[in-house]
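Please open the structure in your viewer and keep the selection tool at hand. We will go from one place to the next, and at each stop you will be told what to select and what is there.

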Amino acid sequence: MLVSEQKPLEEILRSLEGEGRVFLLGCRGCAEACQTGGEKEVLAMKETLEGAGKEIAGWAALDFLCQKGLVKTGLYPFEDQIVSADSILTMCCGIGVQVTSSVVGKVTHPACNTISLGGSRGEWWGSERCLECGDCLLDLTGGICPLTACTKSLINGPCGGARDGRCEFEPEVRECGWQLIYERLKKLDRLHKLREISLPKDFARMQPPKDLRGTAFWSLGQRQEERTGDETLGTL
Amino acid sequence: MKLSELFNDGKFVITTEAGPPKGVDVERMLEDVELLRERVDAFNVTDQQSSVMRLGSLAVSALLKRRGIEPVFQVTCRDRNRIALQSDLLSAYVLGIENVLCLTGDYVSLGDHLGAKPVFDLDSVSLLLTASRLQEGYDLAGREIAGSPTFCLGAVVNPGANPLEPQIIKMEKKIEAGARFFQTQAVYEPERFAAFMKQVEGFGVPVMVGIILLKSAGMARFMNRNVAGIHVPDHLIVEMEEAKDRAEMSVEIAGRLIREMKGLCQGVHIMALGWEKYVPTVLDAAGL
Ligand code: SF4
Ligand code: SF4
């Protein structure tokens with residue numbers, strides 16, 4: 001389970017600047033449960049964006065955007081709409097945005113921030129990782145997470161240690177994340193994104209929000225446990 | 001004295017390195033420094049170079065300053081978070097240190113404390129930005145500070161990086177964040193360096209070309225295999241291999257490289273890696 005919250009509309013509109021036609025993509029997995037990217041939220045976003053003068057090329061809400069295979073097959077019927085769009089706005093966790101960006105050769109914007117659960121992954125395991133940083137940067141990095149793809153979690157470009165596209169740490173197994181980001185941005189004609197200085201991250205946002213504990217998002221058995229001290233799974 | 005004053009006077013600036021020892025015995029390092037103090041403008045004091053734990057660059061920079069020698073205080077983001085980095089910058093200023101080189105830092109895996117927690121709270125760009133912020137009288141959290149430091153901030157760039165474009169974009173970000181001079185990774189190919197300088201000439205920031213003294217053909221091959229952005233061409237390796245006196249050949253090559261590149265840039269940064277005693281002859285050979 002990954003918990004997400006929608007970014008402020010202002011920020012979403014800023015990321016869509018200069019893009020008239022947008023394809024909306026929601027997720028019927030965690031994002032639906034979080035009410036950030038289910039069908040209902042996608043339709044609400046459609047209305048909001050249309051109100052802001054955007055044309056919606058189409059929309060879909062698929063099962064598990066964290067699963068590449070499902071995303072590929074799920075988006076197949078929408079191919080024409082996607083091709084006609086300038087970009088995709090993906091309404092889910094950082095994993096789903098990364099998967100979409102890697103599957104579809106289109107600029108993909110995150111509509112949500114992924115909230116820290118103190119360490120948790122997507123429901124289906126791919127190579128995409130999200131550190132639940134609470135302030136998603138994927139818009140600047142071509143849909144590849146710099147916090148997880150770069151060994152040093154650098155957010156302003158490559159260090160001097162990359163060699164032939166490999167990281168200075170464990171080059172046998174690690175690609176340089178910033179090489180991947182550079183190539184992706186170049187392919188998407190978005191290299192100017194690399195020129196924006198990213199301010200130091202707010203690590204306070206990487207702590208799980210206080211009011212999340214004791215809810216079903218934190219642990220299904222949490223309330224029961226707290227009440228009874230019983231380790232067995234409680235009901236929602 | 002700030003390096004920027006020298007650049008402004010149109011001087012070709014010469015720096016080299018002082019490597020703090022692993023321990024507290026600073027005699028040898030200071031001897032090396034004394035040997036060169038009349039020939040160079042400043043000494044970069046390395047910060048736990050290659051992630052190996054040593055005496056700190058702040059302490060050694062202050063030691064040099066006390067002796068009337070100009071340090072360039074190197075600061076990496078590997079070992080300190082934003083609180084410690086800002087504090088060390090303030091400490092440096094009250095100790096009279098005026099030149100600061102801001103680096104990301106190597107990963108901990110290169111060093112001798114493999115289990116250390118890599119920090120990287122800031123990166124080279126945001127470290128420069130932070131130092132600039134302090135100069136304006138504010139800390140990173142936006143709070144006013146009592147009295148502000150002034151520094152000459154420097155950064156590094158690797159002209160041999162492949163691809164070069166992200167390096168150059170990052171260089172521009174560093175300038176925007178406050179870098180006022182650059183030192184480069186070691187360069188052995190003047191033509192490639194000339195092409196690089198052509199690309200960055202519009203930036204208006206002085207660049208000091210990096211030179212590492214070659215100690216042997218084996219060392220050259222090792223760097224070619226293992227160090228990012230360093231390429232020693234075959235003809236130099238052959239020259240080192242066939243040399244009767246390796247030190248003499250090393251000096252000859254370094255002097256020649258500097259002569260060929262000094263017209264292209266604003267200074268040179270010589271990394272002697274233990275061969276400090278040959279630096280004066282390198283400078284003689286380079287006509288500096
Ligand atoms: S930037 Fe990375 S860690 Fe932060 S929310 Fe986006 S994908 Fe997750
Ligand atoms: S080599 Fe690339 S992935 Fe590795 S730390 Fe440097 S920028 Fe990050």
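Begin by showing chain A and chain B together, and look along the interface between them, where the rule finds two salt bridges. Keep in mind throughout the tour that this is a predicted model. To see a salt bridge at close range, select A:Lys186 and B:Glu165, whose closest N and O atoms are 3.7 Å apart. The side of chain A that touches chain B is made up of 13 nonpolar, six polar and seven charged residues.

Now widen the selection to the whole contact between the two chains, in which 26 residues of chain A meet 31 residues of chain B. The size of an interface is often given as the accessible area lost when the parts come together. Between chain A and chain B that buried area is about 2500 Å², and carbon and sulfur atoms give 58% of it. Select A:Arg163, A:Arg195 and A:Ile197 next, since these three residues supply 24% of the area that chain A buries against chain B, more than any other three residues. If you turn on polar contacts here, the count to look for between chain A and chain B is 14 residue pairs, with both residues at pLDDT 80 or more.

Next, hide chain B and colour chain A by its domain assignment, which gives domain 1 as residues 1-140 + 200-222 and domain 2 as residues 142-197. The contact between them takes 16 residues from domain 1 of chain A and 14 residues from domain 2 of chain A. Their C-alpha centres lie 21 Å apart, and the area buried between the two domains is about 1400 Å², of which carbon and sulfur atoms give 62%.

Which salt bridge does the side chain of A:Arg190 make? Select A:Arg190 together with A:Glu19, and you will find their side chains meeting in a salt bridge at 2.5 Å, taken from N to O. Across the interface of these two domains, the rule finds two salt bridges and also eight residue pairs in polar contact, both residues being at pLDDT 80 or more. On the side of domain 1 of chain A that touches domain 2, the largest share, three residues, comes from helix H6 (residues 94-103) of chain A. By class, that side of domain 1 divides into seven nonpolar, four polar and five charged residues.

Staying in chain A, select A:Lys193 and A:Asp139, which form another salt bridge with their closest N and O atoms 3.5 Å apart. This pair links distant parts of the chain, 54 residues apart, with A:Lys193 in the loop between helix H8 (177-187) and helix H9 (222-228), and A:Asp139 in the loop between strand S6 (112-115) and helix H7 (146-149).

Now select ligand 2 and show what surrounds it, including A:Cys150, A:Cys159, A:Cys167 and A:Cys176, as well as A:Lys152 and A:Trp178. The shell around ligand 2 has seven nonpolar, two polar and two charged residues.

The last two stops concern the backbone. Most residues other than glycine have a negative phi, and most peptide bonds are trans. Select A:Gln35, which is not a glycine and yet has a positive phi of about 60 degrees, and notice that A:Gln35 is found in the loop between helix H2 (30-33) and helix H3 (39-51) of chain A. Finally, bring chain B back and select B:Asn162 and B:Pro163, which are joined by a cis peptide bond with omega about 0 degrees. B:Pro163 is found in the loop between strand S5 (152-157) and helix H6 (165-177) of chain B.

Technical notes:
Residues numbered from 1 in each chain as written. Chains lettered and ligands numbered in written order. Predicted model: local features only at pLDDT ≥ 70, side-chain atom pairs only at ≥ 80, totals over all residues. Heavy atoms only, no water. Domains from an automatic or database assignment. Contact = heavy atoms within 4.5 Å. Buried area = accessible area lost by both parts, 1.4 Å probe. Salt bridge = Lys/Arg side-chain N within 4 Å of Asp/Glu carboxyl O. Polar contact = N/O pair within 3.5 Å; in protein donor to acceptor, adjacent residues only side chain to side chain. Helix = DSSP H or I, 4+ residues; strand = E, 2+ residues; numbered from the N terminus. Nonpolar A, V, L, I, M, F, W, Y, C, P; charged D, E, K, R; others polar. Near = heavy atom within 4 Å.
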